[in-house]
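Subject: Structure handover: aromatic rings

Hello,

Here is the structure I promised to pass on. Please open it and keep it in view while you read my notes below.

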Amino acid sequence: MVKRQKKIVRKLKKSHAWIACLIYFVVMVVAAGVIFTLLSQLGYYIVQSKLSSEYEIIQYMAKTYEKQSEAGTVEMSEGNGTVEREFFVRDKSSEKILCANGENTCSDEGGEVLLTSLSEKVRVYQDANNGYISASGYGTVAIDKKGIWQELKRIKEVNKDTFQKVENSDGKYMDEDGILKIGKTMTIRLPVWMAVEIKEGTQEYIGKAHLEINLADLTVFSMCVAILALLAFLFFIVILVSAIRGVLIQRRMFTMFFTDMATNGHNWMWFLLRGEQFLRKRSSAKDTYAVVNLVFVNYRNFCVCHSIEAGERMLKKVYSLLSSHCKKKEMVAHVSNSNFALLLQFEDMDRLVIRIREILKELEQIDTDHRFGFQVGISSIDIQKNEKDKVVRRKNLDLELEYNNACTARATLSDSEESGVAVFDEKLVEEQKWIDLVTERQKTALEQEEFLVYYQPKYDPGTDQLKGAEALIRWQSDEMGFVPPGRFIPIFEKNGFITEIDHYMLEHVAKDQKGWLDQGYQCVPVSVNVSRAHFIESDLAEQIRDIVDKVGTPHEYIELELTESAFFDDKKALINTITKLKEYGFSVSMDDFGSGYSSLNSLKDLPLDVLKLDAEFFRGDTRGKRGELVVSEAIRLAKSLNMRTVAEGVEEKGQVDFLAEQGCDMIQGYYYAKPMPKNEYEQRING
Ligand code: C2E
Ligand code: CA
Ligand code: CA
């Protein structure tokens, strides 16, 4: 899930920037292309129409010349009697000039121009003095722009004086030749020679034409340029604004994506992405970091007792206290509900633990009316070395996995509500793997009867007679071998499978007892452990009765052991269950008496039959005078409450003698017998 989110963020980040840039670039290129094409079309149209009208004049002159030459009346001096233009006529085959009028400045450079308005190709020659116009290879006209500026400069230079002198009737200035008019109709004349075939193509009439570009043309052209430029500018602005908006929206989206709603601080996604990025790019690969999982233990309870809003206010306080403790290159984020993630720098793990404990002290007092618990799991990120044993930046870093390790370490504290710190190590990985394996196998193991019942006999220390036994589970697994209960019972207690185990054991013991009774063996009561988790069920007594009755075992041969810790739960329900069990004829014992908190108080209210003194009484420091005193008092107390006593974990003869002296009813310990398989126990009751 997180990986997918990470991918989306990365994609979004990349695609947004690229798409915006690409679209912007493409649009600008297209817009520039469109403007350039429009302007060149407009310029070409102006030039075309001008040249066409000039060509019409040259054509007219050529026709007039043709007629006059046929009539023998050519008048050269008056410019062919029509329009005052320089021209000459050339014989096409001999290249000889047959007739000329005015100065012939026609050069040899020439080409063909397509005049679309006339839909014909016309031969043009450059002027030898001012060769501004030429025909390009595609039939179009090329005008030398530099030439235009030069021409303008020249005209201005030549007419420096005339500008001021000559004034026409409109009050506008113009020179004597009418070349340049200042005012609305300033004109630039660019000479070009245009050829017309006459005398059935044998001769060429070449007249001097002028491409006249006046102020009006330039005004239209420049207006178009201005309008297009304005449009382009507006377009550019619109695109720019939308691009900026896009970037801002993207930024806001990212801020939202990375903001935690409850604390207004950073969230898990931010922690993951920025954390990984930071660790990969950090300036010194030698800096060591640890990922921390911090849990606000009482958060849910606090929300239940107050409100979610009040809970979130607390989360905010926690977040701001944590961020105030974070240094420049450290990070904190709120992951979910009661979970926070931190990335902390450290040199020495012990010092980091001390630092965290100090933070926890402050956190515990974050609210004046409450004292909260906070639990922390730490996972240090291993540094990586290359072949030369040099520390390098880790490339395969998975922050999520490191956080998960920190959570695993933290979970080891979850049995208590007190504040605490746990550091992750490889042992925890092994433990976790074991838990996973056991959880995975539990169901099939039950179906395939891999769980075995072992019996540990209980003896009367006064007479050495067998008085009872306790049924203890063992797991004979093909995959895992022979597994003692300490390795799997706590796991079943946590995952809830223990209730099925308790039923399984009860049913097997009932069956065994029934079988032995039927065979006439000297059966004694066998006690079966009932887990604390089982006691939540209100019909537990009925369930037990039904299982035993289904097999048909008399109830007096079954005893039920409840652990001392169960007596702290719902006392009323417990009394109710014990009372019912007793009514059904079962014996009930309190297991592990003295192992945890004193439950002397519970003793007087609970109608129990047997008190089992915990093995701890007969081990280590508790041995000796003080220990003996406690044991004898406990036996005395049990007797005064009409309860029998069983001493567990007794291994030595001295202890047996002492217990016999004190009037202890039974001993269950290695001194007499270890827990044994069914067939071995069978021999003891058959003896
Ligand atoms: P428990 O109910 O207190 O059982 C007594 C434990 O003390 C047994 O360990 C037994 O082997 C051990 N023991 C007895 N005498 C001696 C002795 O002289 N020296 C030493 N060192 N140990 C002695 P075991 O069989 O490993 O069981 C451990 C715990 O697992 C049990 O403690 C009980 O809490 C749980 N357990 C075992 N079988 C079941 C079961 O069927 N259901 C449930 N709910 N829990 C079970
Ligand atoms: Ca027990
Ligand atoms: Ca016990």
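What follows is a short tour of the aromatic rings and of two charges that sit over rings. Keep in mind that this is a predicted model.

Start with the ring pairs. The structure holds 28 aromatic pairs. One of them joins Trp 268 and Phe 271, and it is stacked. The centres are 5.9 Å apart, with 20° between the planes. Both residues belong to helix 5, which covers residues 268-281. They sit 3 residues apart, about one turn of the helix. Are these rings buried or exposed? Trp 268 has 14% relative accessibility, so it counts as buried. Phe 271 is at 0%, so it counts as buried too.

Now look at Tyr 455 and Trp 516. This pair is edge-to-face, at 5.4 Å centre to centre and 65° between the planes. Which parts does it tie together? Tyr 455 is in strand 18 (residues 451-460), while Trp 516 is in helix 12 (residues 498-518). The pair therefore links parts that are 61 residues apart in sequence. Tyr 455 is buried, at 0% relative accessible area. Trp 516 is buried as well, at 1%.

Next, find the cluster. Ring pairs connect Phe 451, Trp 475, Phe 488, Phe 492, Phe 497 and Tyr 504.

Last, the charges. Arg 90 lies over the face of Tyr 125, 5.5 Å from the ring centre. Arg 487 places its charged end over the ring of Trp 434, at 4.1 Å from the centre.

Best wishes

Notes:
Residues are numbered from 1 along each chain as its sequence is written. Chains are lettered from A and ligands numbered from 1 in the order in which they are written. This is a predicted model: local features need pLDDT of at least 70, side-chain atom pairs count only at pLDDT 80 or more; totals for chains, interfaces and linings use all residues. Side-chain values use heavy atoms; hydrogens and water are left out. Rings of Phe, Tyr and Trp (its six-membered ring) pair if their centres lie within 6.5 Å; planes under 30 degrees apart count as stacked, over 60 as edge-to-face and the rest as tilted. Helices (H or I, at least four residues) and strands (E, at least two) are DSSP runs, numbered from the N terminus. Buried means under 20% relative accessible area, exposed over 50%, partly exposed in between (1.4 Å probe, protein chains only). A charge sits over a ring if NZ of Lys or CZ of Arg is within 6 Å of the ring centre and within 35 degrees of the ring normal.
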